[in-house]
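Hi everyone, thanks for coming. Today I'd like to walk you through the empty spaces in one structure, and then through the packing around them. Let's bring it up on the screen.

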Amino acid sequence: MRVRRVVTGHDSDGKAVVASDAQVDGFRSPLMPGSEFHRLWGGDETSRFPDDGALPAHETFFPPVGGFRFLLFSVPPDGTPPPSDTVDVETARAELEAALPGAVSYMEPDAPGMHTTDTIDFEVVLDGEVWLELDDGVEVHLQPGDTVVQNGTRHAWRNHGATPARLAVFIVGAHHDRVKRP
């Protein structure tokens, strides 16, 4: 998926300007066939203005308290073939960690896809269909235009449809009594 990111900022006189206009490449891991992530923006602290429109410093995939992330991600349909036998698993894990630092550490090894984060996530379905699964087994079917406010709950994204589902998400770091940051 091609994604264009237009960023505004301020010039030395405080006037609004286009700071950048560029394509953002997505990341696809051979360990997660059919998934794609576009890390569009983020910061680990509350923003201050005026600014020059430069990408704020941010390290981990999920933000700390006071931090934020903006991204797109896709969920492949159920039945997407697993990783190829020819994939160098250790190299692919290192690439995944470099592209989505710390994200895998939130995943539950005994419950594929299930995870709990110390964040509030605001999602909107752009294309396809996706099912939000919660820890009580309830699944909520979502279609384009549907939104979710994910309040630090244990969940997974499932796609029982025939085509990839694409979502936009804005993530805000929050205090969570039951989640310890890896």
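A word before we start: this is a predicted model. Let's begin with the enclosed space. By class, the lining of the largest cavity comprises five nonpolar, two polar and two charged residues. Which residues are they? The lining of the largest cavity is made up of M1, E36, H38, L72, F73, S74, L126, R166 and L167. Three elements supply two or more residues each to that lining: β3, running 36–43, β4, running 68–75, and β10, running 165–173. Of these, β4 contributes the most, with three residues. As for the volume, the largest cavity holds about 40 Å³ of space. And how many cavities of 30 Å³ or more does the search of the whole structure find? There is one.

Now to the open spaces, starting with the largest pocket. Its volume is about 1200 Å³. You can count 38 residues around the largest pocket, and those nearest its centre are M32, S35, F37, M107 and G113. Two or more lining residues come from each of β4, α1, β5 (119–127), β9 (155–158) and β10. As with the cavity, β4 is worth watching here: β4 gives the largest share of the pocket's lining, four residues. In terms of chemistry, the lining of the largest pocket splits into 24 nonpolar, seven polar and seven charged residues.

The second largest pocket comes to about 390 Å³. Its lining has 23 residues, with W41, S47, D51, A54 and P56 nearest the centre. Here β1, covering 3–10, joins β3 and β4 as an element that supplies at least two lining residues. In fact β1 provides the largest share for this second pocket, six residues. By class, we have twelve nonpolar, four polar and seven charged residues in that lining.

While we're in that part of the chain, have a look at A57, which sits in the loop between β3 and β4. Is A57 buried or exposed? It is exposed, at 66% relative accessible area. If we set aside neighbours within four places in sequence, A57 is in contact with G43 and D44. And to give you a sense of scale, the C-alpha atoms of A57 and H176 are 23 Å apart, with the two residues 119 places apart in sequence.

Let's move on to the aromatics, which I enjoyed looking at. The structure holds seven aromatic pairs. One of them is F37 with F61, an edge-to-face pair at 6.1 Å centre to centre, with 85° between the planes. F37 is in strand β3 and F61 is in the loop between β3 and β4, so this pair ties together parts that are 24 residues apart in sequence. Both partners are buried: F37 has a relative accessible area of 15%, and F61 has one of 6%.

Another pair is F68 with F170, and this one is stacked, at 6.4 Å centre to centre and 25° between the planes. What does this pair tie together? F68 lies in strand β4 and F170 in strand β10, so the parts it links are 102 residues apart in sequence. The partners here differ in exposure: F68 counts as buried at 13% relative accessibility, whereas F170 is partly exposed, at 34%.

There is also an aromatic cluster, and its members are F37, F61, F62, F73, Y106 and W157.

Two of those names come back when we turn to the nonpolar packing. The largest nonpolar core has 23 residues, and F73, L100, V130, W157 and L167 have the most contacts inside it. The elements giving two or more residues to this core are β4, α1 (89–99), β6 (130–134) and β10. The largest share, four residues, comes from β10.

If you zoom in on W157, what does it touch beyond four places in sequence? The list is F73, V75, H115, E123, V130, W131, L132, L142, V148 and L167. Apart from the largest core lies another core, of five residues, including V3, V24, L72 and A168.

One last thing to take away. F73 is a good residue to keep on screen: it lines the largest cavity, belongs to the aromatic cluster, and is among the residues with the most contacts inside the largest nonpolar core. Thanks for listening, and I'm happy to rotate the view for anyone who wants another look.

Conventions:
Residues numbered from 1 in each chain as written. Predicted model: local features only at pLDDT ≥ 70, side-chain atom pairs only at ≥ 80, totals over all residues. Heavy atoms only, no water. 1 Å grid on protein atoms, 1.4 Å probe; cavity = no way out; pocket = protein on both sides within 12 Å on 5 of 7 lines; lining within 4 Å. Points joined across faces, edges and corners; volume = space filled by probe spheres on them. Nonpolar A, V, L, I, M, F, W, Y, C, P; charged D, E, K, R; others polar. Buried < 20%, exposed > 50% of the residue type's maximum accessible area, 1.4 Å probe, protein only. Contact = heavy atoms within 4.5 Å. Phe/Tyr/Trp six-rings, centres within 6.5 Å; stacked < 30°, edge-to-face > 60°. Core = buried A, V, L, I, M, F, W, Y, C linked by side-chain atoms within 4.5 Å.
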